[in-house]
Amino acid sequence: MLLAKIALGLASTVAFAAVYTFREGVIRVDVDEFRAGGSHVHLWVPAAAVPIALHCTPRNHLENAAVKIQPWIPTIRQLAKELEKYPEANLVEVVDGTDHVQIRTHAGKLQIDVHEPGESVHVAVPIATLEDISSQLTENIPGA
Amino acid sequence: MFNRTKLFVGVSLLSSMVVLASASAAFAQSGSSKDRWLHVRVINSDHKGEIVRVNIPLELAENVLPTISKERLHNGKVNIDQAHMNDVDLHALLNAIRTAKDGEYVTVQSSDQDVRVAKEGGRLLVHVKDNKSSKSNKSDVDIKIPMHVIDALFSAGKDELDLVAGLHALALQGDTELVSVKSEDSTVRVWMDSKNSSDN
């Protein structure tokens, strides 16, 4: 009976964690070089982990980043807020011969896709995460 | 014990459903708003056939522009350098156009170019047709700007263009084509409608 309780507790925790992760979304970065010895990078990071990772980042690094990006923080924050209203939108698309660049929102994520012969890059970031990152960077601006 | 387990599982399921339902509700709500979209499409008919499509929600542009502070753009307004206006008093010129009746203001017909500037149905129309002999230089430019958008653009002051006010005025407009450029090697189209894609 005790084992059943522990198993149920674990299962519930995993279920809650899965629901939380699903709700917050996943940051996805895929880079593929289609050539001999080309690199293939596939990175999936739960968006819920980003604020935690930012908290663990050395303060001086965060301050540096915050100072550099400071003039654009209000724009990023506002853009994230606005993009949340448009979960499915093709914002920019450039097709140049075999090259293809697309910036769009899809399922509440900001997606950037670049395809060119021999290389493709796919980045997808939950829009809410952009807002979280800009908020955390704002908090780290020296003297703010 | 069994009842407590059932209760726990029930609460877990209910919590998951509430989380998913709130996400769905947010999605449905965002899809039903009356959005106005500004579209830009550039098609190059060279051998590579470059195509550029930009679709921007007007509300997004209206709300994001004021946050950008770069060079001449501040608080959604662009500073116009009067030194480069050749001493033309734009406000006086616009006021004269605003109060004038509909009609053709400028008509130039030459072997090189046909130019027509007119006011018609509350819109300022500019049409430039290039008649140059070289095929690749031929172009047809049509610009149609609602007068109230021009008024809003120049509402900030003498040395400023109020882009946010212009966009706001544009959002009140129905579906409309603003700019069309057709030449042998490219076509450019800027228009506004309520679709979030530039398929047409």
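A:D96 stands opposite A:D99 in β4(A), and this facing pair is a convenient place to begin reading the predicted model. The two residues belong to strands β3 (residues 89-96) and β4 (residues 99-106) of chain A, which pair in the antiparallel sense over seven bridges. Together β3(A) and β4(A) form a hairpin with two residues between them, and in the turn A:G97 has a positive phi of about 60°.

Strand β3(A) also takes part in pairing across chains, since four bridges join β3(A) to strand β2 (residues 51-57) of chain B, and these strands likewise run antiparallel. Within this pairing, A:E93 stands opposite B:R53 in β2(B). As a general point, in a regular strand the side chains alternate between the two faces of the sheet.

**Salt bridges**

Side chains of opposite charge can pair when their charged atoms come close. The structure holds 11 salt bridges over all chains, and three of them are set out below with the separation of their closest N and O atoms.

| Salt bridge | Closest N and O atoms |
|---|---|
| A:R59 with A:E63 | 3.2 Å |
| B:D175 with B:R36 | 3.1 Å |
| B:R116 with B:E104 | 2.9 Å |

The first pair in the table sits within a single helix: A:R59 and A:E63 both lie in helix α3 (residues 59-69) of chain A, four residues apart, which is about one turn of the helix. A:E63 is partly exposed, with a relative accessible area of 24%.

For the second pair, B:D175 forms a salt bridge with B:R36, with 3.1 Å between the closest N and O atoms. This pair links distant parts of the chain, 139 residues apart, with B:D175 in the loop between α5 (163-171) and β10 (176-183) of chain B and B:R36 in the loop between α1 (2-31) and β1 (37-44) of chain B. The two partners fall into separate accessibility classes: B:D175 counts as exposed because its relative accessibility is 54%, over the 50% limit, whereas B:R36 is buried because its relative accessible area is 17%, under the 20% limit.

In the third pair, B:R116 forms a salt bridge with B:E104, the closest N and O atoms lying 2.9 Å apart. B:R116 lies in strand β6 (residues 113-120) of chain B and B:E104 in strand β5 (residues 103-109) of chain B, so this salt bridge ties together parts that are 12 residues apart in sequence. B:R116 is partly exposed at a relative accessible area of 25%, and B:E104 also counts as partly exposed, at 46% relative accessibility. Elsewhere, salt bridges that share partners join A:E82, A:K85 and B:E59 into one network.

**Chain B as a whole**

Chain B has five helices and 11 strands, and 28% of its 200 residues count as buried. Among contacts in chain B between residues at least 6 apart in sequence, 46% join residues at least 24 apart. The chain exposes about 12,100 Å², of which carbon and sulfur atoms supply 57%.

**A nonpolar patch on chain A**

On the surface of chain A, the residues A:L2, A:L3, A:I6 and A:L10 make a nonpolar patch of about 460 Å². One of these residues, A:L3, lies in helix α1 (residues 2-24) of chain A, and A:L3 is exposed, with a relative accessible area of 69%.

Conventions
Residues are numbered from 1 along each chain as its sequence is written. Chains are lettered from A and ligands numbered from 1 in the order in which they are written. This is a predicted model: local features need pLDDT of at least 70, side-chain atom pairs count only at pLDDT 80 or more; totals for chains, interfaces and linings use all residues. Side-chain values use heavy atoms; hydrogens and water are left out. Patches are made of residues with over 30% relative accessible area and no salt bridge: like charges are joined within 9 Å, nonpolar side chains (Val, Leu, Ile, Met, Phe, Trp, Tyr) within 5 Å. Accessible areas come from the Shrake-Rupley method with a 1.4 Å probe; for residues, only the protein chains shown count as cover. A salt bridge is a side-chain nitrogen of Lys or Arg within 4 Å of a carboxyl oxygen of Asp or Glu. Buried means under 20% relative accessible area, exposed over 50%, partly exposed in between (1.4 Å probe, protein chains only). Contact means heavy atoms within 4.5 Å. Two strands pair if DSSP finds at least two bridges between them.
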